[in-house]
Amino acid sequence: MSMTKMKANDPCWCGSGKKFKRCHKEAIDAVRPGVISPMRPVPEEIARPEYVTLGYVRHHPEPLVKSADVIERMRRAGMEAADVLHTVGAAIVPGMTTDEIDEMAHEMAIAKGAYPSPLGYGGPDNPYPKSLCTSVNEVVCHGIPDSRALRDGDIVNLDVTLYLDGVHGDTNATFAVGQIDQASRRLIDVTRECTDLGIGAVRPGRPISDIGRAIEDHATAHGYGVIRDFVGHGIGEQFHTDLHIPHYYTSAADTVMEPGMTFTIEPMISMGTWRQVMWDDGWTSVTADLRRTAQFEHTLLVTDGGVEILTPPPS
């Protein structure tokens with residue numbers, strides 16, 4: 001029997017004794033890399049992040065607690081990033097390529113006078129070539145937009161970051177493509193709940209480990225894995241600062257939250273294993289068992305009374 005014609009409940013062709021749907025079905029349906037188009041240009045008058053002009057990322061000390069001026073600029077950058085994310089997400093239909101999604105997000109960023117932060121990020125040998133990340137099905141994060149057309153039943157995460165007024169605003173969400181199955185819908189819903197619970201754990205005077213505990217407890221209760229190799233991060237005038245926000249509990253995450261701190265919470269929740277592997281492109285991460293994963297992200301500000309979301313969805 002041809003593998004491509006096997007039914008979900010047939011014994012798997014590999015001889016494991018498991019049903020095909022529980023064993024190698026994901027491998028056959030796996031996302032494959034497509035053709036990547038050239039980098040899109042950005043008008044000279046739009047200010048670039050330092051790593052674009054230098055050709056590499058240079059980390060430098062940045063205060064954990066931001067000034068009122070930086071926070072106000074981050075509010076604007078975050079709101080504009082959220083507008084791009086949800087406008088582009090609402091336009092997704094089966095048959096659209098992820099490169100077309102990138103083109104739409106790129107043009108929106110330019111129209112806002114913003115630089116798309118992912119474009120050119122990284123070292124000189126392998127800068128990220130696109131203006132947002134498009135992570136489909138089992139792709140955990142950092143999927144590169146290309147010629148692959150989205151299919152009815154896919155799920156896709158769009159990760160948008162804008163550099164505007166000297167600061168970054170970073171947000172992402174997972175969208176359904178056409179009609180998705182119940183298991184994928186449940187994954188998206190629980191991942192959103194995990195994100196909300198992580199945000200709800202942000203309180204001044206409490207350790208960052210509270211965030212990971214809230215996320216991991218909820219994901220585990222639903223039988224899902226929490227990806228450990230990618231974490232939330234400090235953000236401000238730099239895309240990524242040295243502050244790490246794990247999405248699982250670890251006592252090592254003992255930094256105490258203070259009013260004025262800004263960082264992202266962006267849990268990646270998987271249907272199966274938390275382990276991931278990298279494609280040869282050096283960017284794309286996929287789940288080791290090729291089962292689906294979802295993600296949501298917000299840029300956050302710790303306040304005196306709790307937390308402010310700097311990347312709220314447009315009203």
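Buried means under 20% relative accessible area. Isoleucine 180 has 18% relative accessibility, so this residue counts as buried. The model discussed here is predicted.

## A buried loop residue

Isoleucine 180 sits in the loop between E5 and H5. Strand E5 covers 167-176, and helix H5 covers 182-200. Which residues touch isoleucine 180, leaving aside its neighbours within four places in sequence? They are Gly153, Asp154, Ile155, Arg185 and Ile188. One of these partners, isoleucine 155, is 25 residues away from isoleucine 180 in sequence. Their C-alpha atoms are 7.5 Å apart in space.

## The nonpolar cores

In soluble globular proteins, nonpolar side chains tend to be buried together. Here the largest nonpolar core holds 61 residues. Leu158, Ile211, Phe263 and Ile265 have the most contacts inside it. Several elements each supply at least two residues of this core, including helices H3 (68-90) and H6 (209-221). Strands E9 (262-265) and E14 (298-302) do so too, as do H4, E4, E5 and H5. The largest share comes from H3, with eight residues.

A second core is separate and has seven residues. Tyr51, Tyr121, Tyr128 and Cys133 are among them.

Back in the largest core, isoleucine 211 is one of the residues with the most contacts. Setting aside residues up to four places away in sequence, isoleucine 211 touches Gly198, Ala201, Val202, Ile245, Met257, Phe263 and Ile265. Phe263 and Ile265 are themselves named with Ile211 for the most contacts in the core.

## One small cavity

How many cavities of 30 Å³ or more does a search of the whole structure find? The search finds one. The largest cavity contains about 30 Å³ of space. Its lining consists of Val84, Ala105, His106, Ala109, Pro116, Ser131, Leu132, Val160 and Leu162. By class, seven of these residues are nonpolar, two are polar and none is charged. Helix H4 (98-111) and strand E4 (155-164) each supply at least two lining residues. H4 gives the most, with three. H4 and E4 also each supply at least two residues of the largest nonpolar core.

## Two cysteines without a disulfide

The disulfide count is zero. Cysteine 133 is in no disulfide, and the nearest cysteine sulfur, that of cysteine 141, is 7.6 Å away. Cysteine 141 is likewise in no disulfide, and its nearest cysteine sulfur is that of cysteine 133. Why is this pair not counted as a disulfide? A disulfide needs sulfur atoms within 2.5 Å, and these lie 7.6 Å apart, so the pair does not qualify. Are the two cysteines buried or exposed? Cysteine 133 is buried, with a relative accessible area of 8%. Cysteine 141 is buried as well, at 5%.

## Loop residues

Several loop residues can be set side by side.

| Residue | Loop between | Relative accessible area |
|---|---|---|
| Histidine 59 | H2 and H3 | 47%, partly exposed |
| Asparagine 137 | E2 and E3 | 5%, buried |
| Isoleucine 180 | E5 and H5 | 18%, buried |
| Aspartate 289 | E12 and E13 | 30%, partly exposed |
| Leucine 290 | E12 and E13 | 22%, partly exposed |

Histidine 59 follows helix H2 (50-54) in the loop that leads to H3. Leaving aside neighbours within four places in sequence, histidine 59 is in contact with Gln238 and His240. Histidine 59 and glutamine 238 are 179 residues apart in sequence. In space, their C-alpha atoms are 7.8 Å apart.

Asparagine 137 has a phi near 55°, a positive value in a residue other than glycine. Asparagine 137 lies between strand E2 (133-136) and strand E3 (139-141).

Leucine 290 also has a positive phi, near 60°, and is a residue other than glycine. Its loop runs between strand E12 (285-287) and strand E13 (293-295). Aspartate 289 is found in the loop between E12 and E13 too. The C-alpha atoms of aspartate 289 and valine 277 are separated by 9.4 Å. These two residues are twelve residues apart along the chain.

Technical notes:
Residues are numbered from 1 along each chain as its sequence is written. This is a predicted model: local features need pLDDT of at least 70, side-chain atom pairs count only at pLDDT 80 or more; totals for chains, interfaces and linings use all residues. Side-chain values use heavy atoms; hydrogens and water are left out. On a 1 Å grid over the protein atoms alone, a cavity is a set of points where a 1.4 Å probe fits but cannot get out, and a pocket is an open set with protein on both sides within 12 Å along at least five of seven lines; lining residues have an atom within 4 Å of a point. Grid points are joined across faces, edges and corners, and a volume is the space filled by probe spheres set on the points. Helices (H or I, at least four residues) and strands (E, at least two) are DSSP runs, numbered from the N terminus. Ala, Val, Leu, Ile, Met, Phe, Trp, Tyr, Cys and Pro count as nonpolar, Asp, Glu, Lys and Arg as charged, and the others, Gly among them, as polar. A nonpolar core is a set of buried Ala, Val, Leu, Ile, Met, Phe, Trp, Tyr and Cys residues joined through side-chain atoms within 4.5 Å. Buried means under 20% relative accessible area, exposed over 50%, partly exposed in between (1.4 Å probe, protein chains only). Contact means heavy atoms within 4.5 Å.
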